[in-house]
Protein chains: 2
Amino acid sequence: MNEPVRNLKPPVLARIGDRVEDVGTPALLVDLDAFDHNLAQMQALADAGGVALRPHAKAHKSVAIAQRQIAAGAVGICCQKLSEAYPFAATGIASIHISNEFVGADKLAMAVELARYVDLSICVDDVRQVAAVAAAATAGGVRITALAEVDVGQGRCGVDSAEALIRLADAIGNAPSLRFGGLQAYHGGAQHLAHWTRRRDAARRAAEQAHDYVRLLHARGIACPVVTGGGSGTAEFDCESGVYTEIQPGSYVFLDGHYGASEWPGRFQPRQALFLSATVMSTARAGVAVCDAGLKSVAVDSGLPRLWSGPGSEWLRYVAANDEHGVLQVLDENNQALLGSKLWLVPGHCDPTANLHAQYVCCRNGRVAELWDIAARGLSR
Amino acid sequence: MNEPVRNLKPPVLARIGDRVEDVGTPALLVDLDAFDHNLAQMQALADAGGVALRPHAKAHKSVAIAQRQIAAGAVGICCQKLSEAYPFAATGIASIHISNEFVGADKLAMAVELARYVDLSICVDDVRQVAAVAAAATAGGVRITALAEVDVGQGRCGVDSAEALIRLADAIGNAPSLRFGGLQAYHGGAQHLAHWTRRRDAARRAAEQAHDYVRLLHARGIACPVVTGGGSGTAEFDCESGVYTEIQPGSYVFLDGHYGASEWPGRFQPRQALFLSATVMSTARAGVAVCDAGLKSVAVDSGLPRLWSGPGSEWLRYVAANDEHGVLQVLDENNQALLGSKLWLVPGHCDPTANLHAQYVCCRNGRVAELWDIAARGLSR
C-alpha cells in the first residue's frame, strides 16, 4: 500500500463553455433547445386543459430541472420514493407528492420528517398502511395528505373495487392526522403504446375508470379534490379528459428510445433531448467497433441504445452492452477509421439511465451551457 | 418555493449493531461469512496454482473490499475505467491494472495522473493508441506499463493475428515512456457457461490461444512477464493452465444469479454473499405482491432477481421490474399477509447492481457488522 492521496479525484466531467466534442465520455448530454421545447409544450398542454402539471422527478432526479419546471408553471413535483424527495425538499420545493405506497418504520419516519418542511401527499392502497401513517403523523405532530391509489389498468398497486376504495377513504377521513386528498390513478402500460389512437383509447378507458371512482366517492358525500395520474405518453388525452385535475409526466423533458418509437401526431410533439455520448475505443476486430458506454452508463431494460448521430450512423448499430463496453456492428469495411469517434446514443429508457450518472452536461450551440447535478441519484428508499 | 433547508438529508441507511431486519429497504446486503469464504477460497486457489490474484474492482467498486483482497494476498486490483481507479489510488492501493482500452485526451490525462501515484498498467490493441499513450506519458514525465490485449474467444477487443500482436509489441517496446508488460487475454463468454466441463474446455481453449501468442513473442525475443485474464467462472482452470501468470476474477466475492446458476463441483465452491433486501409495500390486488426494489435498485440485464429467503419463498416469484417496483406473483391465496414482509433477493448480475448503490450493509450473526462505501459508483469514464 502507498500513502493515501486524499485529494486525488477524477477530473471534472466538463466546464461551462467547453465545446461539446471535447467533453469526456461517457456523459449524459441534454440538448437545451429540445429540452426547453418539451418543457414549454407540456406546460402549455396542461394550461390549455385547465389541469395542474406536477412533473415526475423520478425521470430526471435533478433539482435544477424541477426548479425550471416549477418556474414554467408546475404546481410541485412527484417523487416515487421518500428518500428521493429529500434533495428537492432541501432546496425549497414546497409541494411534493409521493406517488407510491410505502411500509416500514424507516419510511414512516421519513414521511413525518418531510411533512415538517413541505406540503406532502402520499399514496395508500391498504387500511393497515393508513393506520400506520396516521399513527406516525399523530406521534410526529404533522398532518399528511393521503391519496387513495386506484388501479385503472396497470395491475400493480391500487385498490380495484368500490368497497376497498370506500374503506380506504373512510379510514383516511377518520384519522385526524390525515387529510383525504383524492385519487392516484396511473396507468403505466398505456404510456408506451406506440400507436397514437391505441394510446388515446387506453387513456380514455383509464380516465373512465377513475371517473367511476370519483362518482362513487361523491355519492358517499366524500369530496375528491385531486385526481392525479397520467404520464408523458397520455398527457394530451388526460388533459382533455375532464377527469384528471393533475398530470404527472416525467420523461417528457427528455424522451428516450422507448418513447421515441411512439407516434406523436397530436398536440404534444416532443423532441429528443437526452443523449449518451460515447467514444469508439477499439476497432481491432473486423466488422466491430467497441465504444466506452455499456451497462453502467445506460439502462437496457427497454432496449439497447440507438445511434443518433456520429460518423456512419447509417451503417453502425449498437448490438450488445457489456458492463463498460458497447459493441457496435460496422456494416462497412472500414471499421478502423472509427477509432476515437464520438457517438451520440439515445438511451432506451431515460429514468434508470439518469440514475447511473452524477451530472447532466447541458449543451446549446455546440457548447456546454449548464451542468446540472443528479442529486437524487440512487435514492431509492 | 420554501426557504432551503440545507441539512435536510435522508436518514443513514444503517448503523453498526442494527438488527438486519431493521435495515431499511432496498439495501445491498453482504453476508460476511459467505464473503470471507469466497475471499479465502479464491486466494488459496491462486496460491496453489502459483499465480497472482489481481481481483477486478469493477465488480464491487469498494475500497474496503479491495483492501481486504490485498490483505489476503492479492497483488493489486484491476479497474475497467481510468476514473474508476481514482478512489483506489487515493486510498493508497499501489498497483492498478486498467484491463481495457481507452482513447481521448481526457483519458490520456487521467492515465498520466494515475501513473504518478500508482504502478499503472493499461491495455492497448491498436498502434495508434500506443502512440497516443506514449506521447502523453513522455509529455507527463511518467512511464506506463502497456499490455497487448489479444482476443482469445470473446470477440470484442484485442488483436487476433500474429502480425497485429507483433506490431503492437514492437510499438510498445520502441516507446521510451512505455514498458511492454505482457498480454491481456480475457474470455468473458467462457465465464458464464453453466456446465463445469464446458467452462473448463472453453477456458483451456482460451489458454491455448494465449499460449500461442506467448510463444510467438518469445520466438521474436520479446519477454512476456505477465499473462493476465480469467474471471470467477474459469479461475480454477486458469490457475492450473501453466499459461496465465495472473487471474482477474471480480464477482467471486459476491456471486449473483448468473454465476449462481452455474455448476461448481471443482476446487472453487463459492457461496452467495450479495443480496438485495426489499419490502412488500402493496398487496391490494389478488395474487400479486409488490415490493420496493425495481430497476433502480437491481440490474436486470442478466435476468430478474430471484427470491432467496423470506416468507413463502417457495410460492413467491419476482416476475417484473419497473423503475421502483418489483412485481411478485403469489402462488397462494393469502397475498395480503405479505404486506410489510422483508425479502432477500439475489441480483441477476452483481457488477451493475453494485453500481446502483452507495453502500454495502455487511452482516454477521443477524447484525450489521460493517458499512462499506461504494466509492467508485458511477465512475465510468
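In this predicted model, helices and strands are DSSP runs, numbered from the N terminus, a helix having at least four residues and a strand at least two.

**Exercise 1.** Determine which residue just after H2(A) takes a positive phi, and which residues of H2(A) are buried.

*Solution.* Begin at the end of the helix. Just after H2(A), the residue Gly73(A) has a positive phi of about 130 degrees. Next, turn to the helix itself, which spans residues 63-71 of chain A. A residue counts as buried if 20 or more other C-beta atoms lie within 10 Å of its own. The residues of H2(A) that are buried are Val63(A), Ile65(A), Ala66(A), Gln69(A) and Ile70(A). These residues lie on the same side of H2(A), because they cover an arc of only 160 degrees around the axis. Finally, consider the cover over them: it includes helix H1 (32-49), strand E3 (77-79), helix H3 (82-90) and E17 of chain A.

**Exercise 2.** Establish the order of the strands in the open sheet of chain A, and identify its edge strands.

*Solution.* The order of the eight strands is E2-E9-E8-E7-E6-E5-E4-E3 (chain A), and the pairing is parallel. At the edges stand strand E2 (52-53) and E3 of chain A, each of which pairs on one side only. For a pair within the sheet, take strand E5 (residues 119-124) and strand E6 (residues 144-149) of chain A, which are joined in the parallel sense over four bridges. Within this pair, Cys123(A) has Leu147(A) in E6(A) as its bridge partner.

Helices can then be added to the picture. H3(A) packs on the sheet and touches E3 and strand E4 (95-98) of chain A, its direction making about 170 degrees with that of E4(A). Helix H8 (residues 196-219) of chain A also packs on the sheet; H8 touches strand E7 (178-185) and strand E8 (226-229) of chain A, and its direction makes about 150 degrees with that of E7(A).

**Exercise 3.** Describe how domain 1 of chain A meets domain 2 of chain A.

*Solution.* First, fix the bounds: the domain assignment gives domain 1 as 20-29 + 271-373 and domain 2 as 32-256. The centres of the two domains, taken over C-alpha atoms, are 33 Å apart. The contact involves 19 residues from domain 1 and 19 residues from domain 2. On the side of domain 1, the elements giving two or more residues are helix H11 (350-354), strand E16 (359-364) and strand E17 (367-373) of chain A. The largest share of that side, four residues, is contributed by E16(A). By character, the residues on this side of domain 1 are 11 nonpolar, four polar and four charged.

How values were computed: Residues are numbered from 1 along each chain as its sequence is written. Chains are lettered from A and ligands numbered from 1 in the order in which they are written. This is a predicted model: local features need pLDDT of at least 70, side-chain atom pairs count only at pLDDT 80 or more; totals for chains, interfaces and linings use all residues. Domain bounds come from an automatic or database domain assignment. Two residues are in contact if their C-beta atoms, placed from the backbone, lie within 7 Å. Ala, Val, Leu, Ile, Met, Phe, Trp, Tyr, Cys and Pro count as nonpolar, Asp, Glu, Lys and Arg as charged, and the others, Gly among them, as polar. A residue is buried if 20 or more other C-beta atoms lie within 10 Å of its own, exposed if 12 or fewer, and partly exposed in between; C-beta atoms are placed from the backbone. The arc is that of the directions from the helix axis to the C-beta atoms. Two strands pair if DSSP finds at least two bridges between them. Axes are lines fitted to C-alpha atoms, for helices over the stretch in contact, and angles run from 0 to 180 degrees between N-to-C directions.
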